[in-house]
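Q: I'm new to this structure and would love a close look at one part of it. Could you take me through chain A, beginning with a pair of strands and then working outward?

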Protein chains: 2
Amino acid sequence: MTKQYCGKFYIDKISSECNARLGCLHTSRGILKTPVFMPVGTYGTIKGIPQCWLRKAKVQIMLSNSYYLYLNPGTEIIKKAGGIQNFNSWKKPMLTDSGGFQIFSLKKLKKVYDNGVEFKSPINGTKHFFSPEKSIIIQKDIGADIIMCLDECSMYPLDYTLAKHSMELSLRWAKRCKIEFNNKNNSTLQALFGIIQGSIYKDLRKQSAYAMLDIDFDGYAIGGLSVGEPRCHMYSAINAVVPILPNNKARYLMGIGTPEDIWNCVELGIDMFDCVLPTRNGRNGQVLTSLGKFNIKHSKFKNDYSKLDPNCNCLTCMEYSKAYLNYLVKVHESLYRSLLSLHNIYFMMNLMTTIRNSLQNNTFLQAKKKFFRYYYALGE
Amino acid sequence: MTKQYCGKFYIDKISSECNARLGCLHTSRGILKTPVFMPVGTYGTIKGIPQCWLRKAKVQIMLSNSYYLYLNPGTEIIKKAGGIQNFNSWKKPMLTDSGGFQIFSLKKLKKVYDNGVEFKSPINGTKHFFSPEKSIIIQKDIGADIIMCLDECSMYPLDYTLAKHSMELSLRWAKRCKIEFNNKNNSTLQALFGIIQGSIYKDLRKQSAYAMLDIDFDGYAIGGLSVGEPRCHMYSAINAVVPILPNNKARYLMGIGTPEDIWNCVELGIDMFDCVLPTRNGRNGQVLTSLGKFNIKHSKFKNDYSKLDPNCNCLTCMEYSKAYLNYLVKVHESLYRSLLSLHNIYFMMNLMTTIRNSLQNNTFLQAKKKFFRYYYALGE
């Protein structure tokens, strides 16, 4: 398998109704059908869910975080295991985020230099320095199929001048990431994605996109969105960037999202998504279903013996009733966290299948309408 | 299926070497092969483990606790679901303990009368009263296959006079339990076991056993052991009782045990066991293997890429390495609790299969020796 092959993106169909694309993204561990949703396993594992459940749920790719994996267990242990997919036994495609978002969330524990970012481990206070080069070396060592450039994830709100400086810093780092990525010939099984920044400013987003194209990445991510800005700003930033991006490269919208955002952003031309929503919500009792979302903790479920979602065939729905899950929450039996997270992951996988099928059948907008007619039926 | 059938015990083989018996215990939901180990799902669920995993592990019967189920979700919700096996979707045989042990552990929150025991809910402080009759009605409502008499579980140490009074109280309660159990004809699918008490005093144990036989139960449990007394007292109490018990009734040693206790007590003629050990230890990182036990938290496992037990084919062993499980503990990823509990349950199921096979082949003592030769190999 050659470098050219890994990260290569092919379009099967472009919607006649909108910018949505049906495609496939090649990795060294399999071909992803896009649009694709990536569940988040920050520590190389999706909280409470064994890998065999994910495979059964037809999860195509897991997102993990090189920053966390670097701190613990460290790259040496992962390398010795034969890479992250052997270490965590996932075996299927993985994408690692550079940790930019996590480091920049540290606030007082970090210092940003042109050369990289210095930060203190939130675990034990030890000092670390991530240069763009180091971030790439770590991700190469971890062995993810798709690796991300180190970027400065801009927070919201951010004034224009700061947003411009930050975007330009991410750009300089992206160039250095690309050089390091091409350095030595052990990167033939990995793809490198650039991350477009620029906060809510359309001209900065465009500048970032053009410059990233010049560097030439295997795919392009849009970062720094869904960080608190109004939805209209998010969509306009995406709309500013998408027309610039080439058809033959995958487009990844980072950290998103809700069923609403996914339908809308697929419509705008996005191929890849990740979000903690299905698992974090699951751990809090929030359930996503084809008939809308609800919280299983509500006392009205204590003698509701129906399954969570009549249209779901996950282990949770096949085996347990709402009444029993409500009871598990009440007695603090942690199993409910796994069961609800798993159900929500199935929901997301079913959602993406519905989207892909609708693109295949040229019925995207109709399918979107139908989805929300049922999804809003409960009115919660 | 008639009352006579449920709870009926048949011996396939008695060891020529010792008192060990190979048998089967009939319940309305299937036949248990004995000697059998019952994992404990206090709340009707084994902590962190979905029922489908238990079925795959070939768990024959789950133990649950009527006291906890009565407090939450309450018998009405369980009855409406069609009994505990529908409510928790286990579907297979269940035994409910009366809650005697749990209530008597409450110390200051309880008052014992000849008529029953008054206690305050440790959850919300509400007052409750369990008479022997009420305990049986609750267990009938829950719908377990095997239900237990309400007894006073004697603690250790307990002086002779108190132990005698306590044993006699349990006896009076046992008679009332039997009458209530036979009352109304809805008990045809359930079996009732009496519980022999008498602390460490052999004459009291014998008195209790003879009196229980007079009442005539479907099976006989030995309670109030493994509560802190030296092992020799436990074995001598069992030895005092076993010769009195009829061959055609199952014998259940409550709250036990370790692999050592199980081999030893099967040898003395016990058929049924329950213990929180495999799951509680699992949650604490303790792993039971055919080569001995160890704690996965130990740093020496951080780059040990072998599986927990070379002789185990549980999901955990099939999928994960010691290094990865050690890492999950380190990053507080709760999945390790489920994975280690599951592994320990497989260990117990494999142990019981080894024991049953050895009885079938008349090689019990040889198999016991072989088991411990490997089990003590690690020297931990």
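How many bridges join strand S15 (residues 286-289) of chain A to strand S16 (residues 292-295) of chain A, and in which sense do the two run?

A: Happy to walk you through. Please keep in mind from the start that this is a predicted model.

Let's begin with your two strands. S15(A) and S16(A) are joined by 4 bridges, and the strands run antiparallel. The link from S15(A) to S16(A) is a hairpin that passes through 2 residues. If you would like a spot to look for on screen, find A:Val287: the residue opposite A:Val287 is A:Phe294, in S16(A).

Now let's step back and see how the chain is divided. The domain assignment splits chain A into domain 1, made of 9-100 + 131-275, and domain 2, made of 282-375. Between the C-alpha centres of these two domains of chain A there is a distance of 27 Å. Where they touch, domain 1 of chain A brings 23 residues to the contact, and domain 2 of chain A brings 23 residues as well. On the side of domain 1 of chain A that touches domain 2 of chain A, the elements giving two or more residues are strand S4 (36-39) and helix H10 (259-268) of chain A. H10(A) gives the most to that side, with 4 residues. Sorted by class, that side of domain 1 of chain A has 15 nonpolar, 3 polar and 5 charged residues.

H10(A) is worth following further, as this helix also packs with another one. Its partner is helix H9 (residues 231-241) of chain A; the angle between H9(A) and H10(A) is about 25°, and their axes are 10 Å apart. Angles under 35 degrees count as roughly parallel, so H9(A) is roughly parallel to H10(A). The two helices, H9(A) and H10(A), make a right-handed crossing. From H9(A), the contact is made by A:Tyr235, A:Ile238 and A:Asn239, while H10(A) supplies A:Asn264, A:Cys265 and A:Leu268. That contact of H9(A) with H10(A) has 4 nonpolar and 2 polar residues, with no charged residues.

A second helix pair gives you something to set beside this one. Helix H6 (residues 132-142) of chain A packs with helix H7 (residues 160-182) of chain A at an angle of about 45°, and their axes are 8 Å apart. With that angle, H6(A) and H7(A) are therefore oblique to each other. H6(A) passes H7(A) in a right-handed crossing. On the H6(A) side you will find A:Pro132, A:Glu133, A:Ser135, A:Ile136 and A:Ile137 making the contact, and on the H7(A) side A:Trp173, A:Arg176, A:Cys177, A:Glu180 and A:Phe181. By class, the contact of H6(A) with H7(A) has 6 nonpolar, 1 polar and 3 charged residues.

Next, some backbone details in the loops. A:Thr34 and A:Pro35 are joined by a cis peptide bond, with omega about 0°. You can locate A:Pro35 in the loop between strand S3 (30-34) and S4 of chain A; S4(A) is one of the elements named above on the side of domain 1 of chain A that touches domain 2 of chain A. Another cis peptide bond joins A:Tyr156 and A:Pro157, where omega is about -5°. A:Pro157 sits in the loop between strand S10 (146-148) and H7 of chain A. Look at A:Ser89 too: although A:Ser89 is not a glycine, its phi is positive, at about 60°. The place of A:Ser89 is the loop between helix H4 (84-87) and strand S6 (94-97) of chain A.

Finally, chain A has a neighbour. In the contact between the chains, 33 residues of chain B meet 32 residues of chain A. Several helices of chain B give two or more residues to the side that touches chain A, among them helix H1 (51-56), helix H13 (322-330) and helix H14 (335-360) of chain B. H13(B) gives the most to that side of chain B, with 5 residues. The residues on the side of chain B that touches chain A divide into 18 nonpolar, 9 polar and 6 charged.

Terms used: Residues numbered from 1 in each chain as written. Chains lettered and ligands numbered in written order. Predicted model: local features only at pLDDT ≥ 70, side-chain atom pairs only at ≥ 80, totals over all residues. Domains from an automatic or database assignment. Contact = placed C-beta atoms within 7 Å. Nonpolar A, V, L, I, M, F, W, Y, C, P; charged D, E, K, R; others polar. Axes fitted to C-alpha atoms, helices over the stretch in contact; angles between N-to-C directions. Parallel < 35°, antiparallel > 145°, perpendicular 65-115°, else oblique. Left-handed = near helix turned anticlockwise from the far one by under 90°. Pairing = 2+ DSSP bridges.
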